[in-house]
Amino acid sequence: MDTFDSRLDLTPLNTTVDAIRAEVGKVIVGQHQTVDLLLTALLADGHVLIEGVPGVAKTLTAKLLAKTMSVNFSRIQFTPDLMPSDVLGTSVFMPKTGDFTFRQGPIFSNLVLIDEINRAPAKTQAALFEVMEERQVTNDGTTYHLDEPFMVLATQNPIEQEGTYRLPEAQLDRFLFKIVVGYPDAAEEVDILRGHHQRRNLTDALDAVSAVLSAEQLASLRSQVHQVHVEDNLFDYIAQIVQSTRANKSLYLGASPRASVALLNSAKALATLRGRDFITPEDVQELATPVLRHRILLTPEREMEGGTADEVVSQLVKKIEVPR
């Protein structure tokens, strides 16, 4: 790590981050990039969509992150018959008072795991629009605000299509990152088998993970992220990257201004994870793909050629002049 004079004392932040990594590492083998992106999103106050084939520990990783925090946690299994009221809550008639009382749904929590988010129909998906962006739920004309922190971790399987629904673009845009989880390498898979052999069951493994971060501590760490310094030329750099998605011949849909804000906020959070109180072009480059991959749509022609969103983002970033 480079030596420099920091305006912020990031020691508590880095100590906490290292403690979370250590707790998650008690169960999860590898996946260092996934864990770091989750921590970045946590510090940047953003939601995360985790995509991967079955069996690569998407849900387990999200549950472990929740275990490292002293906050309320809820899990919602999305299914084709799930209704918006099953997520947000509903008004219940109380015979004793003769009034309706709003009964909060599982979305009223600090960290919410939505498993297989693409299995619910459009009506239920749309119910998440307000709560993910504005951190509030409106029911019968009354607005209910959620407690801080509030973070949605959603998983989806990219392979299985039967009984699934494509997420609306407006909803995808509300996720800070889309993290793609791949298979472990051979050495990591051996470690997974060894750990599975040594543990009696997964419940014991989860019980071994301790909470190291409270809601109050997280709020303090996030306030430091807000104070990270950004040079003017980096504002231009981020804007150029996002603007380039709107004029690319390979893309049918470019990224919105929300993507620019997401790239800025996540770069500031990543800088603090790296022990710096300022962002660099490398921070922006590292996060461009997870921030943009779910916010752009390829043209049919590019899809037929076998192109991917990741390839297009990588090409766009390489074409933009890096500020020095």
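Here is a quick tour of this protein chain, from its overall build down to a few single residues.

What you're looking at is a predicted model, where local features need pLDDT of at least 70, side-chain atom pairs count only at pLDDT 80 or more, and totals for chains, interfaces and linings use all residues. Residues are numbered from 1 along each chain as its sequence is written, and side-chain values use heavy atoms, with hydrogens and water left out. The protein chain has 15 helices and 13 strands; helices (H or I, at least four residues) and strands (E, at least two) are DSSP runs, numbered from the N terminus. Its radius of gyration is 21 Å, close to the 20 Å that the globule rule gives for 324 residues, so the chain is as compact as a globular protein of that length. That radius is taken over C-alpha atoms, and the globule rule is 2.2 Å times the number of residues to the power 0.38.

**The whole chain**

- The C-alpha trace spans about 70 × 45 × 40 Å along its principal axes.
- Of the 324 residues, 51% are buried. Here buried means under 20% relative accessible area, exposed means over 50%, and partly exposed is in between (1.4 Å probe, protein chains only).
- Take the contacts between residues at least 6 apart in sequence: 78% of them join residues at least 24 apart. A contact means heavy atoms within 4.5 Å.
- About 16,200 Å² of the protein chain is exposed, and carbon and sulfur atoms supply 52% of that. Accessible areas come from the Shrake-Rupley method with a 1.4 Å probe, and for residues only the protein chains shown count as cover.
- There are 31 positive and 43 negative charges, and their mean positions are 2 Å apart. Lys and Arg count as positive and Asp and Glu as negative, while His and the chain ends are not counted. Each charge is placed at NZ of Lys, CZ of Arg, CG of Asp or CD of Glu.

**The cores**

- The largest nonpolar core holds 72 residues, and Val48, Leu153, Phe177, Ile279 and Leu292 have the most contacts inside it. A nonpolar core is a set of buried Ala, Val, Leu, Ile, Met, Phe, Trp, Tyr and Cys residues joined through side-chain atoms within 4.5 Å.
- Helix H12 (residues 257–273) gives this core its largest share, nine residues.
- There's also a second, separate core of 25 residues, which includes Leu49, Val112, Met132 and Leu146.
- Leu153 has plenty of company: leaving aside neighbours within four places in sequence, its contacts are Leu38, Val48, Ala62, Leu65, Leu111, Val112, Leu113 and Ile114.

**Helix H3**

- Helix H3 (residues 58–67) is largely enclosed by the rest of the structure, because eight of its 10 residues are buried.
- Among the buried residues of H3 are Lys58 and Thr59, along with Leu60 and Ala62.

**Two residues on helix H12**

- Threonine 272 sits in helix H12 and is buried, at 0% relative accessible area.
- Its C-alpha atom is 7.6 Å from that of asparagine 14, although the two are 258 residues apart along the chain.
- Not counting residues up to four places away in sequence, threonine 272 touches Leu10, Leu13, Asn14, Leu43, Val225 and Val228.
- Asparagine 265 is in helix H12 too, but this one is partly exposed, at 28% relative accessible area.
- Leaving aside neighbours within four places in sequence, asparagine 265 is in contact with Ala44 and Val225.

**Around strand S9**

- Methionine 151 belongs to strand S9 and is buried, at 2% relative accessibility.
- Setting aside residues up to four places away in sequence, methionine 151 touches several residues, including Leu38, His47, Val48 and Leu111.
- The loop between strand S8 (142–145) and strand S9 (151–156) contains proline 149. The peptide bond from glutamate 148 to proline 149 is cis, with omega near -5°.

**Backbone oddities in loops**

- Glutamine 31 isn't a glycine, yet its phi is positive, near 55°. You'll find glutamine 31 in the loop between helix H1 (11–24) and helix H2 (32–44), and at 19% relative accessibility it counts as buried.
- Arginine 135 also has a positive phi, near 55°, in a residue other than glycine. Arginine 135 lies in the loop between helix H6 (128–134) and strand S7 (136–139), and it is buried, with a relative accessible area of 14%.
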